Each structure stands twice: as structure tokens, then as C-alpha cells.
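The report that follows reads one protein model from its overall contact pattern down to single residues. Please keep the sequence and the coordinates in view while reading.

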Amino acid sequence: MSTNKKIKTDNNNKILQDLIDYEILKSLINYLLISKKNKTNDNNNINNNNNNNNNNNNNNNNINQYKISKFYLNRNEILNYILVSKKWYNFISLTISNNIINNKLFENWLEINYDDNKSFNKYYYNNQNQYDKNNLIFKNKYNKQYKISFNKEFSIIKMHESIINDYFKFNLFLNEITIDDFIEIKMKFENNQLVYNRIVVNVECDYDNALFNIYGYILDESSKTISNLFKLLELNHHHYEIEGYLPRSIKEEEEEEEDDDDDDDDESSNKKCTELRLNNLTIIGCISDSVGKDEQTVKIFKILKGKNLFYDGSSFTRNYPIHIDYSALFDPNNSGQQVESIKVENRNDGAEFVEPRHLIKANQFGNLHSITIPINLFQILSNLSEEMGFDSFYKYNKKSDTGNSKNIRSELNEMINSLTSRKSLKNLKITSIVKNEQSINSDDFDGNFKIFAKNINKTKELFSNCFKPLFSEFNASIERIELDCCGFLNIDTFSDLLNNTSIKYLYLYDSDFIVYSSNQYRPPFGRNYNANHDDDNNNDDMANDKDDDYKDYDSSEDDKDEYESELHKKSISINKFIFENILSSEITSIRHYKIFFTKSKEIKLIFNLILNNIFKLQLYSLIFEFDKMELVSGFVKEYKNLINNISTKQQQQQKSININLKEIKIKIKDDMNKNIQELKNINNPYFATVIKKLSKRMFHF
């Protein structure tokens with residue numbers, strides 16, 4: 001009897017241990033394979049239950065989906081867990097495979113074999129897509145392809161072929177769609193003859209203008225019918241050029257709106273369709289044929305309604321300046337409440353930018369979780385200066401560069417308020433189209449650098465104050481912030497960061513704050529000597545010599561002409577303040593901090609800050625990017641020194657002290673293979689070293 005009880009107890013312990021192992025491994029795999037974007041959007045959907053229940057249900061399904069890109073990136077770490085034991089292997093394999101099956105992610109993990117010559121009808125009667133039965137295919141955004149085997153004896157991922165085949169019987173994937181295809185799909189849908197539960201169309205380029213042909217067709221159709229059709233028909237358009245083409249004028253639009261008002265009593269079933277719904281939509285180019293402001297282009301999003309909107313503002317076919325007014329893009333009355341993300345970018349190195357006034361209505365979106373925009377920080381600073389009664393600091397060359405601000409201070413405050421008050425917004429990325437401090441122009445001050453320094457410092461202080469709410473308790477929702485600082489944000493901007501509880505990811509670029517001052521000295525080589533002085537040039541000896549030149553300076557009229565002013569720039573480290581006062585505090589919410597290196601002297605400073613605060617840092621990961629290949633050797637040297645110095649500190653403490661930092665992530669150019677190997681050879685017992693290769697287009701914004 002006692003023997004049986006003992007056996008039963010042992011079995012119970014074994015089952016309990018298996019459950020504990022499984023939950024631990026599942027948590028690890030979830031962390032490695034679930035997109036951070038999905039994690040940050042977890043609470044987003046809960047707050048929007050009153051908006052669109054269907055959208056929220058779909059979004060909630062996305063939260064725990066595994067990504068093949070994350071699997072490829074973390075495959076070595078996953079392999080290490082699998083090699084622990086057969087039990088761990090089975091647990092991990094089952095977890096990943098079931099996530100793909102339960103979330104129906106087959107089209108994201110499998111390579112679908114498209115046939116360019118097949119129309120919808122040919123696919124329809126063939127009854128299913130074909131797929132690669134030997135490999136999972138991971139393609140990055142630049143079409144670089146990586147293969148991962150599955151369903152082999154030692155494959156991590158195993159899925160019964162019958163499950164995959166059943167899925168593709170009722171889910172069709174096309175890489176193009178014609179107006180004839182659309183009409184055929186609609187007719188079969190209306191007659192209950194459509195065998196598919198879902199049809200996904202991924203169009204790279206629309207050479208036949210099918211998108212507007214479909215739009216023109218649905219204008220005469222019932223809004224209710226088309227709305228129901230788009231619940232199963234998912235359109236994704238990744239490259240649509242609209243150069244010089246607008247499907248209908250604003251006048252026609254207004255006339256139709258007036259007609260709609262007159263027909264309010266009509267039954268909803270008779271209401272005609274006015275918009276084409278898409279999942280992902282990329283628009284390139286502009287409509288306007290005239291020089292100056294373009295208010296027409298982004299109104300295209302009123303008729304082409306997408307969840308994820310991407311607009312490329314670089315109009316590379318035009319030789320004259322056009323500046324887009326993005327107000328309509330960031331207005332839900334134009335773009336629609338279905339919008340979840342908006343990204344404006346200059347992929348061809350254009351100078352197009354979003355103005356603060358364009359985002360004033362962004363807080364009126366109900367489901368918007370991500371915004372990426374380029375702005376002209378130097379232009380904003382210059383406009384602020386003029387409003388304060390000072391001269392302009394930014395020397396622009398094109399009329400379109402000036403923007404259309406009437407009160408930039410008020411507009412900047414309204415932009416920040418709009419961003420911080422939108423509770424669904426989780427990800428914010430702001431880049432600057434001008435990054436060089438040399439863009440600041442002091443010519444109008446005729447050598448009077450004392451006045452110039454005083455004015456620009458006052459202007460930058462005002463500019464900083466406008467951004468302060470973004471890093472305070474007033475921002476209760478944004479979890480990831482990437483910001484190009486351009487040396488404009490002072491320490492006080494970040495002084496309330498400990499009161500913020502939402503920011504988990506903070507990425508600051510060019511963060512060192514630049515303070516201007518003016519010195520007087522006697523030119524060692526005459527009055528024409530160029531005396532502009534920058535701290536970054538390390539000219540300490542020359543500066544001391546100049547001090548000797550003017551230490552006995554008497555400002556009498558007789559001697560004034562022998563002395564000149566120099567513009568002096570001093571860098572104040574924002575990283576130092578954040579490491580020592582924010583990231584080392586137990587109440588900080590920030591767990592991931594990113595630094596972009598452009599100068600060698602920055603590397604030593606950062607590693608000193610890491611070492612001095614190593615036992616207090618509350619970070620999970622530090623992320624580093626490199627601007628130049630020559631910086632990597634200095635990084636490797638300081639990284640090795642950090643590891644050795646941590647060991648020394650541990651020994652001095654005579655005990656092992658817990659280190660919260662778990663990961664150093666290094667983002668490096670894809671062509672720097674020699675440097676990558678050097679980084680891989682670093683032996684680090686304290687935290688993981690993750691290396692991510694970046695193509696040139698991905699590099700820094």
C-alpha cells in the first residue's frame with residue numbers, strides 16, 4: 001500500500017515539474033517570437049471597445065502571434081534550449097507549431113507559389129494555392145530570402161500536411177487582381193457560390209490601374225454589399241503612384257456630400273458605396289501640378305481607406321518645389337476611423353516633411369497605435385525665433401521649405417497635446433529631414449555672436465519646453481518613442497521622466513544638447529582669422545592661448561577693433577543625465593534604451609556610464625547602432641573593458657550582485673562582416689550579445 005502511494009506521489013511531482021517547465025519555456029518562447037509591436041498594442045484594444053468590435057477582435061488575435069522574422073533572428077537561442085533535453089525539444093516544438101496552427105499563420109510562415117498567369121477563375125477551379133512543402137521562407141523587407149526546414153525528423157516546426165491543405169482550401173492568396181476578378185468575386189459572393197472564407201490580395205505594383213478601376217465600379221454598388229464583401233476580401237497595395245492623377249475633384253466630392261444630406265431618409269440598403277477598403281496601402285508621389293502647397297494628394301485616403309497607411313512624400317519626378325499639406329491624412333474625417341498606423345517617409349532622400357499643425361486632429365482617431373513622421377526641426381526653431389522677435393536661424397533655399405505656420409509655438413504645443421492625449425497611440429517615431437547643426441545660420445548677426453548665442457539659447461529653451469509633456473506623466477499611453485533630437489532638447493525636457501509610467505522603449509538620436517556662447521579674443525593671425533570654435537574639435541591648447549590673449553582685455557574704444565568675437569558651442573550629455581537619474585532609478589518604466597554612435601568619443605562615455613551604474617540599471621536591453629565602420633573597433637575595446645571591469649567590481653564587493661541588464665543588442669551594417677565576427681568573439685558572462693545586420697536602407701531611420 002505504501003509503495004503505491006509513493007509511486008503516485010512521484011508521478012504527481014513529475015507532472016507538476018513538467019507543467020512548471022512548460023510554462024517557463026512558453027514564457028521564454030513568447031518573449032523571443034512575439035513582436036514587440038504586438039506586445040505594446042496589448043492594452044490598446046481594451047481601450048477601444050466602443051469603436052469597432054470586429055477590429056478589436058481581430059487585433060486581439062494578433063497579440064500572441066509568433067513571427068517568422070523573430071524565429072530566424074533568435075534561432076540560435078531557441079536551439080540552445082532544445083538541446084537541453086528531448087522533453088524541452090518536444091515542448092518547444094509543440095508550442096511553436098501550435099501557435100502557427102491555432103493563429104492560422106500559414107501564409108506568413110510558408111512560401112506561397114503564385115502563378116502570374118493565373119486569374120482568380122483559374123485559382124478558383126484549381127481550388128487551392130500551392131506552397132513549398134520543404135521549407136519555411138523568411139523574406140525581409142528587401143526581399144533577401146532565408147530558408148528554414150520543417151516537418152523533417154529534427155525540425156523544430158512540425159505541422160500535419162492535411163491541416164495546411166485544409167487551410168488553403170478555404171483561404172486564397174493572390175499577387176494581383178483585375179477588375180474582372182473583382183466582379184467575379186463579387187458575383188459569387190452575392191450568389192453564395194464563393195468557397196473561400198478569405199481572399200488576400202498582395203499587389204506590389206498596379207500597372208493596369210486596377211485599384212481605381214475597382215473603385216469606379218463599386219461607386220454604383222450597394223454600400224452594405226461591398227462592406228460585407230470586404231470582410232472576407234483583404235486588399236494590400238504596396239506601391240501605388242498617383243503622379244498628377246486624382247479620381248475626382250473636391251468640387252464633385254462636396255456635391256456628393258450635399259446629395260447625401262438630402263437623402264438621409266433613404267434606407268441604408270440603397271446607399272451607394274463611396275470608398276474602397278484596404279488593409280495596407282502605400283501611396284507614392286503627389287497630385288498637384290502647381291508650385292507651392294498641395295492640399296489634394298492626401299485626400300486620396302478619403303476614398304482609399306486603409307488600416308495601415310504609408311505615404312512616400314519624396315516626389316522624385318518633379319523639378320519644382322511642392323509641399324504636401326498632411327492635415328487631411330491625420331484627420332479621421334478624411335482617412336477614417338479604421339486607421340491603425342500612419343507612416344510618412346522620404347524613401348528617395350526628399351526634403352518633404354510634416355508640420356506640427358498637421359497633427360492637431362491625430363487624437364481623434366480611435367484605433368491609431370503607430371505614427372512615424374519626418375519634421376523639419378531647424379525650420380520650427382527658426383519660426384520660433386521669429387515669433388520671439390529674433391532673426392531667423394535656418395537658411396532655407398526653397399519656398400516650400402518654409403511651411404505654412406501662423407503660430408508655431410501654439411501649433412507645436414497642440415501637436416504634443418494631440419499625441420499625448422490619444423490613449424490608443426503606443427508607438428511614436430519622429431525624424432528630422434535636416435540633421436546637421438551647421439544648418440543654423442548666423443550670417444545675419446554680422447559677427448555679433450553674443451546676441452546670436454543669447455537668442456538661440458532662449459529659442460531652444462522654449463522649443464524644449466514644448467516637448468517636455470511627451471516625457472512626463474501627461475503621456476500616459478505612448479510606450480515606444482524614437483526621436484531625432486538634433487541637439488535641441490535640454491536636460492529639463494527629460495526631468496519628469498520618472499513621473500512617466502508608460503514609456504518602455506526610449507530611442508534618442510543626436511541627443512547631446514548644444515549651448516551657444518560668445519567669447520572675445522585677439523586673433524593670433526589677424527582679424528581675418530576664422531575663429532568659430534566648437535568643443536568637438538578638442539582645441540583646448542588653442543583656447544588657452546586665446547585666454548592669455550584677452551585676459552587683460554580693456555574694452556576701451558582705442559583697442560576694440562583689435563578684438564573679435566567667436567561663437568562657442570558646448571555639448572551637454574543628455575545620456576549622462578538619463579543614465580544617472582532615470583535608468584538607474586527603481587521607479588523608471590524604461591526597459592530598453594537605444595544609442596546611435598556617430599563619434600568615437602561617445603563610445604567611451606557610454607561604457608563608463610554603464611559601468612558606473614551597472615548594479616543599479618533597471619534596463620533589460622541596451623541597443624547600439626554604428627554610423628561608421630571605424631567605430632566598431634573602439635566599441636569592441638570598450639565592451640571588453642566593461643566585462644573585465646564588472647568582474648573586478650564583483651570581486652571588490654566579495655559577492656555576486658544581481659545585474660538587471662540582460663541583453664546588449666548591436667545593429668550593424670550588413671557589409672561589415674569582419675566587424676561582426678569580432679563582435680561575436682566577445683566572451684560575455686553577464687548578458688547576452690545579440691547582433692542584427694542592417695541593410696543600408698534600414699540604417700538609422
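Among contacts between residues at least 6 apart in sequence, 83% join residues at least 24 apart in this protein, which is a predicted model. The secondary structure comes to 24 helices and 22 strands, and of the 701 residues 49% count as buried. The accessible surface of the protein amounts to about 34600 Å², and carbon and sulfur atoms account for 43% of that area.

**Strand E19 and its partners**

Strand E19, residues 592-597, has 6 of its 6 residues buried, so the strand is largely enclosed by the rest of the structure. Both of its faces are covered, with His592, Lys594 and Phe596 buried on one side and Tyr593, Ile595 and Phe597 buried on the other. E19 runs parallel to E15, to which 4 bridges join it, and in this pairing leucine 506 stands opposite tyrosine 593 of E19. It also runs parallel to strand E20, residues 621-626, and here 6 bridges make the connection; isoleucine 595 stands opposite phenylalanine 624 in E20.

**The loop after E15**

Strand E15 (505-509) is joined to strand E16 (513-521) by a loop that holds serine 511, and aspartate 510 is found in the loop between E15 and E16 as well. Is serine 511 buried or exposed? Its relative accessible area is 6%, and serine 511 is therefore buried. If neighbours within four places in sequence are left aside, the residues in contact with serine 511 are Cys485, Leu489, Ile574 and Asn575. Aspartate 510, by contrast, has a relative accessibility of 41% and so counts as partly exposed.

The backbone of aspartate 510 also deserves attention, since most residues other than glycine have a negative phi. Aspartate 510 has a positive phi of about 50° although it is not a glycine. A positive phi, of about 55°, is likewise found at asparagine 192, again not a glycine. Asparagine 192 lies in the loop between helix H11 (179-190) and strand E5 (198-203), and with a relative accessible area of 73% this residue is exposed.

**Helix packing around H17**

Two packed helices are described by the angle between their axes and the distance between the axes. The table gives these two values for the contacts that H17 makes with H16 and with H18.

| Helix pair | Angle between axes | Distance between axes |
|---|---|---|
| H16 (residues 377-387) and H17 | about 130° | 9 Å |
| H17 (residues 408-421) and H18 (residues 449-467) | roughly 25° | within 8 Å |

Why is H16 described as oblique to H17? The angle of about 130° between the two axes makes H16 oblique to H17, since it falls neither over 145 degrees nor within 65 to 115 degrees. In this contact Ile380, Asn383, Leu384 and Glu387 of H16 meet Ile408, Arg409 and Leu412 of H17, a set that divides into 4 nonpolar, 1 polar and 2 charged residues.

H17 and H18, with axes that cross at roughly 25°, are therefore roughly parallel to each other, the cut-off for that description being 35 degrees. From H17 the contact takes in Arg409, Leu412, Asn413, Met415 and Ile416, and from H18 it takes in Leu462, Phe463, Cys466 and Phe467. The residues of this contact divide into 7 nonpolar, 1 polar and 1 charged. Arg409 and Leu412 of H17 appear in the contact with H16 and also in the contact with H18.

The loop between H16 and H17 contains phenylalanine 390. The C-alpha atoms of phenylalanine 390 and phenylalanine 452 are 8.9 Å apart in space, although the two residues are 62 residues apart in sequence. Beyond its neighbours within four places in sequence, phenylalanine 390 is in contact with Ser385, Asn455, Lys458 and Thr459.

**A buried position in H7**

Isoleucine 92 belongs to helix H7, residues 86-102, and with a relative accessibility of 0% isoleucine 92 counts as buried. Which residues does isoleucine 92 touch, not counting those up to four places away in sequence? They are Leu25, Ile29, Ile78, Tyr81, Ile82 and Ile156. For leucine 25, which is 67 residues apart from isoleucine 92 along the chain, the separation between the C-alpha atoms is 7.0 Å.

Note on methods: Residues numbered from 1 in each chain as written. Predicted model: local features only at pLDDT ≥ 70, side-chain atom pairs only at ≥ 80, totals over all residues. Heavy atoms only, no water. Axes fitted to C-alpha atoms, helices over the stretch in contact; angles between N-to-C directions. Helix = DSSP H or I, 4+ residues; strand = E, 2+ residues; numbered from the N terminus. Contact = heavy atoms within 4.5 Å. Nonpolar A, V, L, I, M, F, W, Y, C, P; charged D, E, K, R; others polar. Buried < 20%, exposed > 50% of the residue type's maximum accessible area, 1.4 Å probe, protein only. Areas by Shrake-Rupley, 256 points an atom, 1.4 Å probe, with all protein chains shown as cover. Pairing = 2+ DSSP bridges.
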